[in-house]
Amino acid sequence: MTTLAIIGAGRQLGEALARRFGREGFSLALISRNQERVDSLAADLAADGFTAKGYAANVRDPEALVAALDTAAQELGPIEVLSYNPLPQKEFLRPLLESTVYDIKAAVEFSVYGPVAAVHQVLQGMRVLGRGTILFVNGGSAVQPVQHFAGTSIAFAAETAYAQMLDQALRDTDIHVAQLIIPGGIIPGSADKDPQVLAELLWKMHAERGEFRTYATELEVQPY
């Protein structure tokens, strides 16, 4: 049995993603800052017959994130799929002229240092396994900067550049890299952006191994 590691596992997309991959036989490593919350989610998933366990780690703490992924692989099985989709913190959504260097630094730690640490940790295991998928989940500011959301616009753009380079570096291997852009965020009940709809889309991106980038909905051009 191999493992799906969800970094940023919560009660919306994280839970839907866990259930979708769990139905395919994956063990589920749920990683978030709050141990109590991921334990509760893991218990609910286990009650429904899934193999799941929660691990506490802040993505801005690379050492803690690496340790959580290492422990998850030892306890649940090798990580075949990594999904990086933590919810951005509120301070990353400030207008540009109100954002300090510390706001931007935090956003870069969140969206660049975190995924670099996570991917580096799981890559060797994927190579040994002979297959793997790395999924990045971002909002529209990852591809269209918006000055009202300075932190995510800057850090998501850097995360996107990293993901694209990773795709280039791994394209001729059995490790697939893909990015899902969700313009406007997750909307429960939406035909296109409901968590279960998005989880199905992410499963398809993993299973079909198509293009690097997929949009949940059309990205509207934002005025500057």
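Which elements cover the buried residues of helix α6? In this predicted model, the cover includes helix α1 (13-22) together with the strands β4 (79-84), β5 (132-139), β6 (175-182) and β7 (213-215). To place that answer in context, the account below begins with the whole chain, turns to α6 itself, and then considers individual residues.

The protein chain contains six helices and seven strands. Read from the N terminus, these elements follow the order β-α-β-α-β-α-β-α-β-α-β-α-β. The radius of gyration is 16 Å, close to the 17 Å that the globule rule gives for 224 residues, and the chain is therefore as compact as a globular protein of that length. Along the principal axes, the C-alpha atoms fill a box of roughly 50 × 35 × 35 Å.

Two further values describe how the chain is packed. Of its 224 residues, 50% are buried. When contacts between residues at least 6 apart in sequence are considered, 72% of them join residues at least 24 apart. The surface that the chain exposes amounts to about 10,800 Å², and carbon and sulfur atoms supply 52% of that area.

Helix α6 comprises 14 residues, numbered 195-208. From its first C-alpha to its last it reaches 20 Å, which is close to the 20 Å expected at 1.5 Å a residue. The buried residues in this helix are P195, L198, A199, L202, W203, M205 and H206. Seen down the axis of α6, the buried residues fall within an arc of 160 degrees, so they line one face of the helix. The face turned away from this buried side carries Q196 and E208, both of which are exposed.

The two ends of α6 also merit attention. At its start, a side-chain oxygen of D194 comes to within 3.0 Å of the backbone nitrogen of Q196. Just after the helix stands R209, whose phi is positive, at about 50 degrees. R209 takes this value although it is not a glycine. The residue belongs to the loop between α6 and β7. Its relative accessible area is 34%, and because buried means under 20% and exposed over 50%, R209 counts as partly exposed.

Helix α1, named above as part of the cover of α6, contains R20. Is R20 buried or exposed? Its relative accessibility is 10%, and R20 therefore counts as buried. With its neighbours within four places in sequence left aside, R20 is in contact with A199, E200 and W203. Of these partners, A199 and W203 are among the buried residues of α6.

A second buried position lies in strand β1, which spans residues 3-7 and holds T3. Because its relative accessibility is 0%, T3 counts as buried. Which residues are in contact with T3, apart from its neighbours within four places in sequence? They are F26, S27, A29, L76, G77, P78, I79, E80 and V81. With one of them, G77, there is a polar approach: the side chain of T3 reaches the backbone oxygen of G77 at 2.9 Å. By way of contrast with these contacts, T3 and L93 are 90 residues apart in sequence and lie 32 Å apart in space, from C-alpha to C-alpha.

Key
Residues are numbered from 1 along each chain as its sequence is written. This is a predicted model: local features need pLDDT of at least 70, side-chain atom pairs count only at pLDDT 80 or more; totals for chains, interfaces and linings use all residues. Side-chain values use heavy atoms; hydrogens and water are left out. Helices (H or I, at least four residues) and strands (E, at least two) are DSSP runs, numbered from the N terminus. The expected span of a helix is 1.5 Å times one less than its number of residues. Buried means under 20% relative accessible area, exposed over 50%, partly exposed in between (1.4 Å probe, protein chains only). The arc is that of the directions from the helix axis to the C-beta atoms. Contact means heavy atoms within 4.5 Å. A polar contact is a pair of N or O atoms within 3.5 Å; within protein, one must be able to donate a hydrogen and the other to accept it, and residues adjacent in sequence count only if both atoms are side-chain atoms. The radius of gyration is taken over C-alpha atoms; the globule rule is 2.2 Å times the number of residues to the power 0.38. Accessible areas come from the Shrake-Rupley method with a 1.4 Å probe; for residues, only the protein chains shown count as cover.
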